[in-house]
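Good morning, and thank you for making time for this presentation. Please take a moment with the sequence and the structure before I begin.

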Amino acid sequence: MTDHHRQWDRYAERYDRDIGFFERVQFKGGREWVCAQASGEVLEVAVGTGRNLPFYPEGVRLTGLDFSAAMLDIARARVLETSHKVTLIQGDAQRLPFDDSSFDTVVCTLGLCGVPDERGAIAEMHRVLRPGGRLLLLDHIGSHHKPIRLVQRLLELVTVRMIGDYQTRRPLPLVEAAGFRVDRRERLKAGTVERLAATKT
């Protein structure tokens with residue numbers, strides 16, 4: 001187990017309380033926007049404590065992956081409250097344990113900011129999607145406004161050390177470089193949050 005795993009296992013019990021505040025203030029409705037577009041065989045990368053589960057449409061078949069065993073333990077309790085068919089797996093976003101072209105949709109909400117190699121994770125998402133499959137993302141991103149970006153960089157001094165969580169990444173160019181066509185992209189809250197829908201071409 002790496003230090004990164006241990007950090008998130010220790011943080012798991014606090015995660016829902018902390019992220020609940022930011023959901024209300026910074027990206028309200030973001031999970032619903034992402035999950036409503038999912039269909040078919042769905043992979044959620046960095047499923048965490050399962051906060052997205054209530055927002056998926058009926059009929060999806062969901063596989064949730066996370067590297068933190070403690071986060072997955074909380075997610076398993078949430079699975080009991082949903083009618084969806086859900087499989088939870090412990091694994092690494094940078095080395096997904098699935099065959100090529102296995103899924104119709106890949107979802108990742110607030111996960112790429114905490115992956116050590118986000119370029120590798122996006123490439124893996126592309127690999128496991130079927131041609132024409134959809135990638136749906138919600139994440140913190142670096143603002144174009146210099147004063148806000150400075151605050152984000154100061155915040156990173158704490159969040160990166162605590163749980164390896166970055167505030168200033170920008171997934172868009174990596175998504176395009178991986179071979180996706182971006183269909184829709186929206187920046188929220190002074191450009192500090194982005195939601196993105198893309199198709200594997």
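**Charged pairs, sheet and cores**

I begin with D92, which counts as partly exposed at 21% relative accessibility. Please bear in mind throughout that this is a predicted model. D92 takes part in a salt bridge with R95, and the closest N and O atoms of the two are 2.6 Å apart. The partner, R95, is exposed, with a relative accessible area of 59%.

In general, side chains of opposite charge can pair when their charged atoms come close. In this model the count comes to 18 salt bridges. Let me take a second one, between E41 and R61, where N and O are 2.7 Å apart. This pair links distant parts of the chain: E41 belongs to strand β1, residues 41-45, while R61 belongs to strand β2, residues 61-66, and 20 residues separate them. Both ends are partly exposed, E41 with 24% relative accessibility and R61 with a relative accessible area of 34%.

A third example joins E186 to R184, with the closest N and O atoms 2.5 Å apart. Is E186 buried or exposed? At 19% relative accessibility, E186 counts as buried, because the cut-off for that class is under 20%. R184, by contrast, is partly exposed, with a relative accessible area of 42%. Finally, there is a network of salt bridges that links D16, E23, R31, R51 and R78.

I turn now to the sheet. In what order do the strands lie? The order is β3-β2-β1-β4-β5-β7-β6, seven strands that form an open sheet with mixed pairing. At the edges are β3, residues 85-90, and β6, residues 180-188, each of which pairs on one side only. From one strand to the next, the twist averages 15 degrees.

Within this sheet, β1 and strand β4, residues 103-109, run parallel and are joined by three bridges. V42 stands opposite T105 of β4. Two helices that pack on the sheet deserve mention. Helix α3, residues 69-79, touches β2 and β3, and its direction makes about 170 degrees with that of β3. Helix α4, residues 118-128, touches β1, β4, β5 (129-140), β6 and β7 (193-200), and its direction makes about 150 degrees with that of β5.

Next, the interior. In soluble globular proteins, nonpolar side chains tend to be buried together. Here the largest nonpolar core has 31 residues, and W8, V42, Y56, L88 and V107 are those with the most contacts inside it. Two or more residues each come from α1, α2 (30-35), α3, β3, β5 and β7. Which element gives the largest share of this core? That element is α1, with five residues.

V42 gives a view of the surroundings from within this core. With neighbours up to four places away in sequence set aside, V42 is in contact with Y56, V60, R61, L62, T63, F103, T105 and V107. Apart from this core lies another, of 24 residues, among them L112, A121, V128 and L172.

A residue of strand β4 that I would like to single out is C108. C108 is buried, with a relative accessible area of 1%. Although C108 and L137 are 29 residues apart in sequence, their C-alpha atoms are 5.1 Å apart in space. With sequence neighbours within four places again left aside, the contacts of C108 are V45, A46, M125, L136, L137 and L138.

My last topic is the aromatic rings. A pair of such rings is described by the distance of the centres and the angle of the planes. How many aromatic pairs does a search of the whole structure find? The search finds two. In one of them, the rings of Y11 and Y15 have their centres 6.2 Å apart and their planes at 85 degrees, so this pair is edge-to-face. Both residues lie in helix α1, residues 3-25, and are four residues apart, about one turn of the helix. Y11 is buried, with a relative accessible area of 10%, and Y15 is buried at 10% as well.

F98 and F103 also form an edge-to-face aromatic pair, with 5.1 Å from centre to centre and 90 degrees between the planes. Both F98 and F103 are buried.

That concludes the presentation. Thank you for your attention.

How values were computed. Residues are numbered from 1 along each chain as its sequence is written. This is a predicted model: local features need pLDDT of at least 70, side-chain atom pairs count only at pLDDT 80 or more; totals for chains, interfaces and linings use all residues. Side-chain values use heavy atoms; hydrogens and water are left out. Rings of Phe, Tyr and Trp (its six-membered ring) pair if their centres lie within 6.5 Å; planes under 30 degrees apart count as stacked, over 60 as edge-to-face and the rest as tilted. Buried means under 20% relative accessible area, exposed over 50%, partly exposed in between (1.4 Å probe, protein chains only). A salt bridge is a side-chain nitrogen of Lys or Arg within 4 Å of a carboxyl oxygen of Asp or Glu. Two strands pair if DSSP finds at least two bridges between them. Axes are lines fitted to C-alpha atoms, for helices over the stretch in contact, and angles run from 0 to 180 degrees between N-to-C directions. Contact means heavy atoms within 4.5 Å. A nonpolar core is a set of buried Ala, Val, Leu, Ile, Met, Phe, Trp, Tyr and Cys residues joined through side-chain atoms within 4.5 Å.
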